[in-house]
Amino acid sequence: MNDVDARLLIDLLLDRSRANREFGQHYLHDDSVLRKTIEMCAQANHPLSSDSRVLEIGPGPGSLTLHLLSTGAQVIGIEIEEEAINHLNRNFAEEVETGRLELIEGDALNVKWPDITHIVANIPYQISSPLIDQIRSQSGASSVACVVLLLQQEFAHRLAMHGGPDSVGPLGLNTALDWEVNLGPVVPPHCFVPSPRVHSQLASLVPRREALPPDLNHRLHRLIVKHVFSQRRRKVRSMLKSSPKRLNRIPGWYRERWSNAIDSVLDTTEIDVESRPDLLSPDDWIRLTMEIEAFEPD
């Protein structure tokens with residue numbers, strides 16, 4: 001593959017198939033950003049090597065695939081478009097033949113993922129949120145040491161909760177249960193073909209180092225956060241006073257238990273429930289969940 005580069009791979013695909021905006025196809029051609037994507041794995045202390053099995057979601061023309069393969073890693077690409085699969089098979093024939101590149105045709109949100117060590121991808125913006133959920137739930141992702149994604153900048157800020165109180169919400173708080181998020185460089189629209197209308201930003205995720213309380217009810221945590229942030233301008237106390245929708249989907253929970261638990265917690269908690277939800281820290285939400293969960297009905 002020494003005779004091709006990112007821009008040539010994109011042009012070869014576009015000669016046969018126009019970029020599909022429905023799939024959020026914006027092909028990254030800037031080699032400095034592609035190199036930075038690889039470097040972010042090393043910065044997270046999980047560099048790519050011949051021992052790595054990397055999942056790339058939506059490889060498209062193969063511009064990032066080319067850089068991933070240059071590290072010696074084995075790359076598994078999940079691609080939804082048949083023409084892109086054909087293009088990758090043509091231009092990476094040797095890598096496919098030797099098994100260094102494996103291609104799976106399908107929707108990354110629906111197909112079963114193989115066992116992998118890294119996820120590195122420039123993903124369609126519209127699947128960003130469900131993909132984060134998928135990374136948490138896919139059995140193949142259980143051994144992932146590092147994730148690097150190119151995201152819409154506003155989404156990246158909400159994921160990392162680095163944009164002040166307005167960026168704090170269910171996305172970042174739930175992600176923080178499993179991952180530590182760090183942001184990389186901002187990527188302007190001209191680095192893509194076709195150019196998107198927004199800026200993008202690289203983000204890395206590594207497994208959370210600090211252990212969570214072993215008896216933390218993750219499902220209850222997510223339900224509480226979603227419920228309180230559904231009206232983020234109201235005080236935490238007033239939102240907790242009403243029971244969340246679908247509470248009965250959490251084993252052992254029902255409206256009467258919720259009401260009694262909240263009455264008890266609001267009388268004893270040291271968490272500032274008089275504030276707006278975006279002013280509480282991630283640890284506050286964990287503590288609040290633990291205090292609510294600790295209430296036992298008579």
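**Figure 1. The whole chain, seen through burial.** A residue is called buried when its relative accessible area is under 20%. In this predicted model, 51% of the 298 residues fall into that class. The fold is built from twelve helices and nine strands, and its C-alpha trace spans about 70 × 35 × 30 Å along the principal axes. Take the contacts between residues at least 6 apart in sequence: 71% of them join residues at least 24 apart. As for the outside, the accessible surface is about 14300 Å², with 46% of it belonging to carbon and sulfur atoms.

**Figure 2. A tilted ring pair linking two helices.** Searching the whole structure turns up two aromatic pairs. Here we zoom in on Phe-229 and Trp-285, whose ring centres sit 5.6 Å apart with planes at 45°, so this pair is tilted. Phe-229 belongs to helix α9 (residues 218-229) and Trp-285 to helix α12 (residues 282-294), so to speak bridging distant parts of the chain, 56 residues apart. Both rings' residues are tucked away: Phe-229 is buried at 8% relative accessibility, and Trp-285 is buried at 0%.

**Figure 3. Two tryptophans, edge-to-face.** Trp-253 and Trp-258 pair up with 6.2 Å from centre to centre and 70° between the planes, which is an edge-to-face arrangement. Trp-253 counts as buried with 3% relative accessibility, and Trp-258 does too, with 1%.

**Figure 4. Inside the second largest pocket.** This pocket has a volume of about 370 Å³. It is lined by 13 residues, and those closest to its centre are Arg-222, Leu-223, Lys-226, Lys-245 and Arg-246. By type, the lining breaks down into six charged, four polar and three nonpolar residues.

Conventions: Residues numbered from 1 in each chain as written. Predicted model: local features only at pLDDT ≥ 70, side-chain atom pairs only at ≥ 80, totals over all residues. Heavy atoms only, no water. 1 Å grid on protein atoms, 1.4 Å probe; cavity = no way out; pocket = protein on both sides within 12 Å on 5 of 7 lines; lining within 4 Å. Points joined across faces, edges and corners; volume = space filled by probe spheres on them. Nonpolar A, V, L, I, M, F, W, Y, C, P; charged D, E, K, R; others polar. Helix = DSSP H or I, 4+ residues; strand = E, 2+ residues; numbered from the N terminus. Buried < 20%, exposed > 50% of the residue type's maximum accessible area, 1.4 Å probe, protein only. Contact = heavy atoms within 4.5 Å. Areas by Shrake-Rupley, 256 points an atom, 1.4 Å probe, with all protein chains shown as cover. Phe/Tyr/Trp six-rings, centres within 6.5 Å; stacked < 30°, edge-to-face > 60°.
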